[in-house]
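Visitor: I would like a close look at a single part of this molecule. Please take me through it step by step.

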Amino acid sequence: MSALDYLTIDDLCELGGYENDPGLYAVLMMLFAVLQEGSLCLDLDKEKLSEKLQGFLNKEKAGEITTQFLNRLENRRYENLISENGNSYLPVVLERCKEKRRLYFQKFYVCKNSLRDRMNDFLSADLSLKVSDPDIESLIEAVYSEPLAIRVSENGDPIVPDMYQTDAIRLTLRHQFGIVSGGPGTGKTSLMVNILRCLLLAGIAAENILLAAPTGMAAQRMTEAVQKHIRTVREPSAQDKELSEKLKGSTLHKILRYLRYKNDFYFRKPNYLQASVIVADEVSMVDAVMMEKFLWAVNPEKTKLIFLGDKDQLPSVEAGAVFAEMIPDGSKARGFKNRIISLQTCYRSGLNLIGLAKQVNAGVCPEYAPGDFDTAMSLGENQWAFVKAGSLGAWKKYLQIWAQRHYTDFRDTEGHTFGELISSAGQTDADQLHSSDTGNSLLRGIFAHLERVRILSLVRNGSYGCIGINSLISEYLRKAYNQSAKADIFSGSVIMITRNDYSKSLFNGDVGVVICDAKGTYRAFFQRFGEYICFPTDILPPWETAFAVTVHKSQGSEFDDVLLVLPEDETHRLLSREIIYTGITRAKKRLILYGSQSAFETALSRKIERESGGMW
């Protein structure tokens, strides 16, 4: 909790006239705490509440305070602060549902109910685009036919119709709202493109389709996916060309047109988005408040809505687990039962890594024996290793070995190291670098290196956090490349943008590389749809070094080699199956897990359980 949270609790207790009520103070602390953990509300079950309070009180005191608070609550002692009517505008709301009692801040209580009501509108909406079943089958047959098929394999073979993928196309054409969930390697991206192709063939114009994502990086990947997959089609139709030329992904904030001076969005009821179809990707990253704003900007009577995501991936950073809660499980989310397809077939060759991810997701500890770092650095494809954390000195040595292997010694298929490519790029005029064939060839080689490898950490701070790791690798590479530094930048620095700048088409999560030219000017280069853009580093939006990034920031990306670093604190609150699963599934060929075995086992024992109060 922050200092502001404590001050807010003081204000709430004082305004309500409850300055001398330790039970209320403690429960409000818990409400702030669960909100930070991602829950929308606090479960007031006596045993659960007492257990939470034992995080900072002894068992006897926690039980005493719990009993005192619940008794006073039932005796309506908190009517100046807590209401059972969400429209009363008191700051805290008590919800009673059957035998359960839950406590919300009023904002999140209203958000939950509004989100539920709006989703019910989509689930009951009539189709705005009606396509007969025979026509749907014809569309599916067309996009998988020899001349129109997408080709993703190295030998150029067309993708084969998959039962789950074709069912997903049927789902999205038969309903106004549909969900497609799939893990890595299940073909979610090519499926998205084929769904879009079917929609255009069915009569929807490309300009009436919106591609939405929670981050700028995810939106850019949607655009690139459409263009990349359409290029593999041997005889693209007129609709394919329209799709490739006109469809661009955008962030939810940009689509809704965030108005900073109003702290609200331009598009909201009754000023709906003018779109026939909206496809939203990486929906697991969207929090409850943002989802509620988004759904109320979409007209369910006129706009088809398609959600894509991975139900097992990390939920949003902010409160809520909207996407995961849409997945039917027993009596939960029964309204979505006929509106979701889960892709099951994995097309990745790395079955060992996929098997590891599945075990972690199930909370099963895989069989492994910790090894040494040098051996782990020699892993073959589709292999993983666990290296037990040692001393700080050993960790610094391992990071130097990692940096040396991937950034100074590794040679690409053309025989170039990353450092050699950076040096050649620095001797080339900046305009020629991103506009000439020779310059583009250099940049392609540089970015191919960047996309091969990444260190992922659960945390930002400390020796095992991104900031410390990036500092050590930067220090080593600056010396290895024999460069002087401009602050914390050097030629060859890998950086990540941390705030959207629409004027430069730079987005939170964009990864680039810094190159210093012969005149000593530092510029950052970024990939854009097969081309490159660059800006002097002095005018970039906020950024940070990105040889290592957090697992949260890595979502949606994949790398050949991943070093996944567990926190030093073996009980750290971020340790969970979901975060380890997400980190593992970023690796396509090799994975090194680094940390203590107890931290790994702690993660496997924890599953993120966010309390939303029965949203659906």
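In which sense, left-handed or right-handed, does helix 6 pass helix 8?

Guide: Keep in mind that this model is predicted. The crossing of helix 6 past helix 8 is right-handed. Find helix 6 at residues 133-143 and helix 8 at residues 188-201. Their axes come within 10 Å. They cross at roughly 125 degrees. That angle makes helix 6 oblique to helix 8, because only angles over 145 degrees count as roughly antiparallel, and 65 to 115 as roughly perpendicular.

Now look at the side of each helix that takes part. Helix 6 brings L139, I140 and V143 to the contact. Helix 8 answers with N194, R197, C198 and L201. Sort these residues by character: 5 are nonpolar, 1 is polar and 1 is charged.

Next, place this pair in the chain. The domain assignment gives domain 1 (3-107), domain 2 (125-343) and domain 3 (351-605). The residue ranges of helix 6 and helix 8 fall within those of domain 2.

Stay with domain 2 and turn to its strands. An open sheet has 6 strands, in the order 7-6-10-11-5-12. The pairing is parallel. Two strands pair on one side only: strand 7 (249-251) and strand 12 (340-342) are the edges. Neighbouring strands are turned against each other by 20 degrees on average, if direction is ignored.

Pick out one pair from that order. Strand 5 covers residues 177-181, and strand 11 covers residues 304-309. They pair in the parallel sense over 5 bridges. Put your finger on F177: L305 in strand 11 stands opposite.

A helix lies across this part of the sheet. Helix 12 (residues 288-295) lies across strand 10 (277-280) and strand 11. Helix 12 runs at about 155 degrees to strand 11.

For a contrast in angle, move on to domain 3. Helix 14 (residues 351-361) packs against helix 22 (residues 577-584) at about 170 degrees. Their axes are 9 Å apart. This angle makes helix 14 roughly antiparallel to helix 22. On one side of the contact are L353, L356, A357, V360 and N361 of helix 14. On the other are R577, I580, Y581 and I584 of helix 22. This contact divides into 7 nonpolar residues, 1 polar and 1 charged.

Last, step back to the whole chain. The centres of domain 1 and domain 3, taken over C-alpha atoms, are separated by 42 Å.

Conventions: Residues are numbered from 1 along each chain as its sequence is written. This is a predicted model: local features need pLDDT of at least 70, side-chain atom pairs count only at pLDDT 80 or more; totals for chains, interfaces and linings use all residues. Side-chain values use heavy atoms; hydrogens and water are left out. Axes are lines fitted to C-alpha atoms, for helices over the stretch in contact, and angles run from 0 to 180 degrees between N-to-C directions. Helices (H or I, at least four residues) and strands (E, at least two) are DSSP runs, numbered from the N terminus. Angles under 35 degrees count as roughly parallel, over 145 as roughly antiparallel, 65 to 115 as roughly perpendicular and the rest as oblique. A crossing is left-handed if the near helix is turned anticlockwise from the far one by less than a right angle, and right-handed if clockwise. Contact means heavy atoms within 4.5 Å. Ala, Val, Leu, Ile, Met, Phe, Trp, Tyr, Cys and Pro count as nonpolar, Asp, Glu, Lys and Arg as charged, and the others, Gly among them, as polar. Two strands pair if DSSP finds at least two bridges between them. Domain bounds come from an automatic or database domain assignment.
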